[in-house]
Structure formats: structure tokens, C-alpha cells
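These notebook entries follow the sheets first and the helix pairs afterwards. I looked up strand order, pairing, burial and packing in turn.

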Amino acid sequence: MGKKGPTLSKSDIARGLRELGLNKGDGVLVHSSLSSFGYVVGGANTVIDALLEVVGEEGTILVPTLTGTEHHGPTNPPVFDVKRTPCWTGRIPTAFMERPEARRSLHPTHSVAGLGPEIESLLEGHADSLAPCGLATPYYKLAAAGGHILLIGVGQGSNTTLHTAEELAEVSYHMQKEPTDCIIIDYDGTRHTKQMFLHQWGTPRQFERIDKELLDRGIMEMGQAGNSVLRLIRSMEMLEWVVDILRKEPRYLCE
Ligand SMILES: CC(C)(COP(=O)(O)OP(=O)(O)OC[C@H]1O[C@@H](n2cnc3c(N)ncnc32)[C@H](O)[C@@H]1OP(=O)(O)O)[C@@H](O)C(=O)NCCC(=O)NCCS
């Protein structure tokens, strides 16, 4: 139960994040595994507090609060209630989106929760994006704003922004061909129907193959906190490089 390995406090985690290169004022999308650290005193909320401390009041933290499944599509539309639908991305995003001051974007499969001064503009419009991770979504907007992706104890397989690259490069295997009438229940309890294109599951990926290249190209830094391996990626540089590859070799990220 996360009790194996070292015991970490908020300051241990904050030190690891600063050594990695995370700074005051940064905007960062965080994919995480709580158990990767060892034992964290105070659990998920301690990790969130460490992240908020390092980026400071002028920084922005985003977490994926994903809810989509392989079964969603035109004949089985997702019903997403922003206040109630649980995410499957782990205990840290769950604790994060439960904070009263956090906001969550209105997307039925790929919502993102955030805290910080840029949050309104980053999350706004997700419900009107035809694709889950495209230009009008927090994934791309964070990259365009000079943001980072932080992987805490997880590998490139958790790097959702690689789906942004797939959407921008318009690879053929990634999107459903027919739109889905998705149901979104907003913060006021109002029910909206939005026609969107959802991801097509079932094509095995090998996202890990970009890991060494990102490091060699200086797009990613690696560090450690307790037993957790940390990766900090400059999001736009990663996108530009991967989109360029996918345009020449569309199945580069597939097994
Ligand atoms: C699936 C995933 C969340 C599992 O990681 P995990 O560390 O096992 O799970 P969580 O981060 O939810 O943390 C909960 C676990 O931490 C451990 N834990 C509990 N309290 C703890 C503490 N105080 N300190 C450290 N670990 C603790 C427990 O093992 C717990 O598991 P349990 O709930 O089954 O008892 C992770 O591997 C992952 O994939 N994360 C990224 C998800 C993502 O962003 N996906 C995007 C896809 S495109």
C-alpha cells in the first residue's frame, strides 16, 4: 500500500521538482503515480501541495481527469457530469479535482482539472472542440503558452499530449469516423448535447519509443524524488517534433 521504499514529505517532493527544473510561474500538465514515490506522508494532497508551492501563485497546474472508455461512440454516448463523474487517472487527479478552488473542463472523455491564474483561458472551449485533444483544448493551449508536461513515476504511455500530435497530424487510426452526441452536465446542472468525434481505441501504441529521443534532443529533463522517476517535457517542442515525424511516418507511434 505505498509503504515500501522511502518516506517523503512535501519538502522532499518540492526539492525533487525544483531540481528537475520546475520553476515559479510554470504551467504544467501532470500525469502521476502516487505509489511510485514510496510512502508520501499525507498522500495525494501532499504531492499537490508540493506542486503548487513550486510553481507559486503565478503558476498553473493541470491534471488529466479522463473518463472515456473504449465503449464510447455513436451508439453509446458518454454522459459526463463535471461535478460527479470520477476519473480513472489516479488518486492525485482525483484529490486535485475535489479541491473546491479547482476547475474542470467540460469534455465528456478527456476533461482536465486545473488551478492557477491561466485556468479559465486554458479550460474554456473544451466542450466546443470537435476532437478531444486538438487545437482548442487545454493540451494544445498549454503547449502554445510555453507549458510543460510532468510525468511522475509513469512513462510516455501516460503522455496524453501525444494524442494531440496524432490529431494534428491527422493519422488515420486515431479518430472515430462518425460523430457522437455526447451529454455534458455543467457546474449549474444544465444538460448540454454536443456533437463530437471521439478517439477510436484498439490500435496498440509504442509511445515509449520517443523517450530516449526526447532526452537526447534536450526536450526532456529527468530527475527523481524518493523512488519516483520524474520527467519534465517542453510540450510545444515535443509536439512540433512528433507531428513532423507523424506526417512523414503516420504509424511511427504504433506497435
Ligand atoms: C494507473 C496509475 C494511476 C496507477 O498508479 P498507482 O500509483 O498505483 O495509483 P495512484 O496514483 O492512484 O495512487 C494510489 C496508490 O498509491 C498507494 N498509496 C496509498 N497511499 C499512499 C501514500 N500515502 N504514499 C504513497 N503511496 C500510497 C497505494 O498503492 C494506492 O493504491 P490503492 O488505492 O490500490 O491502495 C498510474 O500507473 C498511471 O497510469 N498514471 C497516469 C494516468 C494518466 O495520466 N493517464 C493518461 C492516459 S492517456
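**Entry 1: the seven-stranded sheet.** I worked from a predicted model. I began with an open sheet of seven strands, whose order reads 6-7-4-2-8-12-11 and whose pairing is mixed. At its edges I noted strand 6 (103-104) and strand 11 (220-225), each of which pairs on one side only.

**Entry 2: the neighbours of strand 4.** I then looked up strand 4, residues 60-64, and found that strand 4 pairs with strand 7, residues 112-115, in the antiparallel sense over four bridges. For the register I recorded Gly 114 in strand 7 as the bridge partner of Leu 62, and I saw that Ile 61 stands opposite Leu 115 in strand 7. Strand 2 and strand 4 run parallel and are joined by three bridges. Here I listed Thr 60 in strand 4 as the bridge partner of Gly 27.

**Entry 3: burial of strand 4.** Is strand 4 mostly covered or mostly uncovered? I found strand 4 mostly covered, with five of its five residues buried. Sorting them by face, I placed Thr 60, Leu 62 and Pro 64 on one side and Ile 61 and Val 63 on the other; both faces are covered.

**Entry 4: helix 2 and helix 1.** To see what packs on this sheet, I returned to the pairing of strand 4 with strand 7, which has four bridges. Helix 2 packs on the sheet and touches strand 2 (27-32), strand 4, strand 7 and strand 8 (148-152). I noted that the direction of helix 2 makes about 145° with that of strand 4.

I next took the pair formed by helix 1 (residues 10-20) and helix 2 (residues 44-55), which pack at an angle of about 45° with their axes 9 Å apart. Helix 1 and helix 2 are therefore oblique to each other, and I entered their crossing as right-handed. On the side of helix 1 I listed Lys 10, Ile 13, Ala 14, Leu 17 and Arg 18. They meet Thr 46, Val 47, Asp 49, Ala 50, Leu 51, Glu 53 and Val 54 in helix 2. By class, I recorded seven nonpolar, one polar and four charged residues in this contact.

**Entry 5: the three-stranded sheet.** I moved to an open sheet of three strands, with the order 5-9-10 and mixed pairing. Strand 5 (79-81) and strand 10 (191-196) stand at the edges with a single partner strand each, so one side of each has no neighbour in the sheet. I noted an average twist of 25° from one strand to the next. Strand 9, residues 180-185, pairs with strand 10 in the antiparallel sense over six bridges. There I found Gln 195 in strand 10 as the bridge partner of Asp 181.

**Entry 6: helix 6 and helix 8.** At what angle do the axes of helix 6 and helix 8 cross? I recorded roughly 45° for helix 6 (residues 161-169) and helix 8 (residues 235-248), whose axes come within 9 Å. That makes helix 6 oblique to helix 8, and the crossing is right-handed.

From helix 6 I listed Thr 161, Leu 162, Thr 164, Ala 165, Glu 166, Leu 168 and Ala 169. These meet Ser 235, Met 238, Leu 239, Val 242, Val 243, Leu 246 and Arg 247 in helix 8. I closed the entry with the classes of this contact: nine nonpolar, three polar and two charged residues.

Notes:
Residues are numbered from 1 along each chain as its sequence is written. This is a predicted model: local features need pLDDT of at least 70, side-chain atom pairs count only at pLDDT 80 or more; totals for chains, interfaces and linings use all residues. Side-chain values use heavy atoms; hydrogens and water are left out. Axes are lines fitted to C-alpha atoms, for helices over the stretch in contact, and angles run from 0 to 180 degrees between N-to-C directions. Helices (H or I, at least four residues) and strands (E, at least two) are DSSP runs, numbered from the N terminus. Angles under 35 degrees count as roughly parallel, over 145 as roughly antiparallel, 65 to 115 as roughly perpendicular and the rest as oblique. A crossing is left-handed if the near helix is turned anticlockwise from the far one by less than a right angle, and right-handed if clockwise. Contact means heavy atoms within 4.5 Å. Ala, Val, Leu, Ile, Met, Phe, Trp, Tyr, Cys and Pro count as nonpolar, Asp, Glu, Lys and Arg as charged, and the others, Gly among them, as polar. Two strands pair if DSSP finds at least two bridges between them. Buried means under 20% relative accessible area, exposed over 50%, partly exposed in between (1.4 Å probe, protein chains only).
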